[in-house]
Amino acid sequence: MLKKLLQNWDGSKLLTKRSLLVWDGSKRRDKVFIVALAINLCIVTVLGVQLGLNISQNLNQQLYVSTITQDGAIRGGKPATSMAAIACNVDWGEAEIPKMIDIFRENDVKISFFPCGRWAEKNPEVLRQMYGAGHEIGNHGYGHKLCTQIGMEQSKQEILKTETAINSILGIKTNLFAPPSGDYKKDTVAMAEDLGYKTILWTADTVDWKEGSTADVIKKRVLKKDLNGAIILMHPKPETVKALPELIAEIEKQGIKLVTVSELLAASEVR
């Protein structure tokens with residue numbers, strides 16, 4: 001309705017001939033002119049506010065679209081959520097995970113762990129600790145095999161074997177798939193979706209597996225990113241554990257709440 005008003009509006013129609021007589025013989029300002037001027041100003045103000053809202057909404061939508069790849073893999077959520085999720089991929093590091101769980105408990109933070117199936121089978125008690133502490137459990141494939149290097153049927157079995165392993169230990173079905181090393185192809189996303197999974201990537205990467213990744217380096221890598229709506233990737237490494245308390249504090253100082261991946265996607269209306 002507002003757009004139609006703008007298209008049809010001719011400012012001159014709001015001014016009568018009489019209103020053009022700004023001053024009469026007594027130098028009095030024409031009341032009609034003042035009223036017309038006030039109406040004009042109100043219309044311009046409303047249109048300006050509406051234009052600003054439209055620009056903001058469009059910008060937010062563009063930022064959101066950029067977090068989801070064209071083939072459907074998810075890199076993050078809506079920036080407007082003021083949330084970020086931590087995704088921890090697990091194929092080793094079982095000695096560090098209880099320490100991470102303690103830090104998350106102390107800071108009232110829940111994250112998403114993505115274990116490999118073979119790791120889950122070897123470390124059922126640690127997996128139970130993760131789940132028992134309220135963290136989300138995803139699926140990282142069974143043997144950490146790269147999806148682009150194996151056939152589609154093998155990729156499918158990697159997900160299903162891990163699903164079975166986790167279900168046998170925790171009694172739950174996973175529904176988020178983090179492809180090993182972020183390696184995937186379009187068909188991988190479609191196949192995972194057929195199995196009831198969303199394919200999860202990341203926005204900010206700690207790269208904590210790389211040599212020279214000290215706690216300070218890890219913090220800098222993450223904090224230089226725009227973390228509104230981000231998925232932050234990490235692994236159970238000693239230096240990551242050292243970085244966690246300050247990293248959590250700095251993220252929360254930005255007014256960003258740390259949540260699980262599913263919570264971030266729900267707030268972003270990703271279904």
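Does Thr174 count as buried or exposed, and at what relative accessibility? I started the notebook with that.

**Entry 1. Thr174**

I am working from a predicted model. I looked up Thr174 and found 1% relative accessibility. The cut-off for buried is under 20%, so Thr174 counts as buried. I placed Thr174 in the loop between helix 6 and strand 4. Next I checked its side chain. It makes a polar contact with the side chain of Tyr197, at 2.7 Å. I then listed what Thr174 touches, leaving out residues up to four places away in sequence. The list is Ile137, Gly138, Asn139, Glu163, Ile166 and Tyr197.

**Entry 2. Asp226**

I picked another loop residue. Asp226 sits between helix 8 (215-223) and strand 7. Its relative accessibility is 58%, so I logged Asp226 as exposed. The side chain of Asp226 reaches the backbone nitrogen of Asn228 at 3.2 Å. I also checked Asp226 against Pro79. These two are 147 residues apart along the chain, yet their C-alpha atoms are separated by 8.8 Å.

**Entry 3. The whole chain**

I stepped back for the overall counts. The protein chain has ten helices and eight strands. It holds 271 residues, and buried ones make up 45% of them. I looked at contacts with a separation of 6 or more. Residues 24 or more positions apart account for 73% of those.

**Entry 4. Strand 1 and its partners**

I went to strand 1 (83-90). Seven of its eight residues are buried, so I noted it as mostly covered. Which strands does strand 1 join by bridges, and how do they run? I found three partners to write down:

- Strand 8 (residues 257-259) is joined by three bridges and runs parallel to strand 1. Ala85 has Val259 as its bridge partner there.
- Strand 7 is joined by four bridges and also runs parallel to strand 1. Cys88 has Met234 as its bridge partner there.
- Strand 2 (residues 112-115) is joined by four bridges, again parallel. Asn89 stands opposite Phe114.

I traced the chain from strand 1 through helix 3 to strand 2. This β-α-β crossover is right-handed.

**Entry 5. Strand 7**

I followed strand 7 (231-234) next. Which way do its residues point? Ile231 and Leu233 point one way, and Ile232 and Met234 point the other. I logged all four as buried. In a regular strand, side chains alternate between the two faces of the sheet. Strand 7 also pairs with strand 6 (residues 204-205), through two bridges and in parallel. Ala204 stands opposite Ile232 in that pair. I checked the handedness here too. Strand 6, helix 8 and strand 7 make a right-handed β-α-β unit.

**Entry 6. The nonpolar cores**

I looked for clusters of buried nonpolar residues. The largest nonpolar core has 37 residues. Which residues have the most contacts inside it? They are Phe104, Phe113, Trp119, Leu127, Met130 and Ile232. I listed the elements that each supply at least two residues of this core. They are strand 1, helix 3 (97-106), helix 4 (117-122), helix 5 (124-132), helix 6, strand 7 and helix 9 (238-253). A second, separate core has 13 residues, among them Ile231, Val259, Leu265 and Val270. Nonpolar side chains tend to be buried together in soluble globular proteins.

I took Met130 for a closer look. Setting aside residues up to four places away in sequence, it touches Val90, Ile97, Ile101, Phe113, Trp119, His135 and Ile137.

**Entry 7. Helix 7**

I closed with helix 7 (residues 186-194). Its buried residues are Thr188, Val189, Met191 and Ala192. Why do they line one face of the helix? I viewed helix 7 down its axis: the buried residues fall within an arc of 165 degrees, so they line one face. An α-helix has 3.6 residues a turn, so residues three or four places apart point the same way. On the other side of helix 7, I logged Lys186, Glu193 and Asp194 as exposed.

What do the buried residues of helix 7 pack against? I found helix 6 (152-170), strand 4 (176-177) and strand 5 (198-199). Last, I checked the backbone just after helix 7. Gly196 takes a positive phi of about 90 degrees there.

How values were computed: Residues numbered from 1 in each chain as written. Predicted model: local features only at pLDDT ≥ 70, side-chain atom pairs only at ≥ 80, totals over all residues. Heavy atoms only, no water. Buried < 20%, exposed > 50% of the residue type's maximum accessible area, 1.4 Å probe, protein only. Arc of directions from axis to C-beta. Contact = heavy atoms within 4.5 Å. Polar contact = N/O pair within 3.5 Å; in protein donor to acceptor, adjacent residues only side chain to side chain. Core = buried A, V, L, I, M, F, W, Y, C linked by side-chain atoms within 4.5 Å. Pairing = 2+ DSSP bridges. Right-handed = clockwise from strand over helix to strand, strands pointing away.
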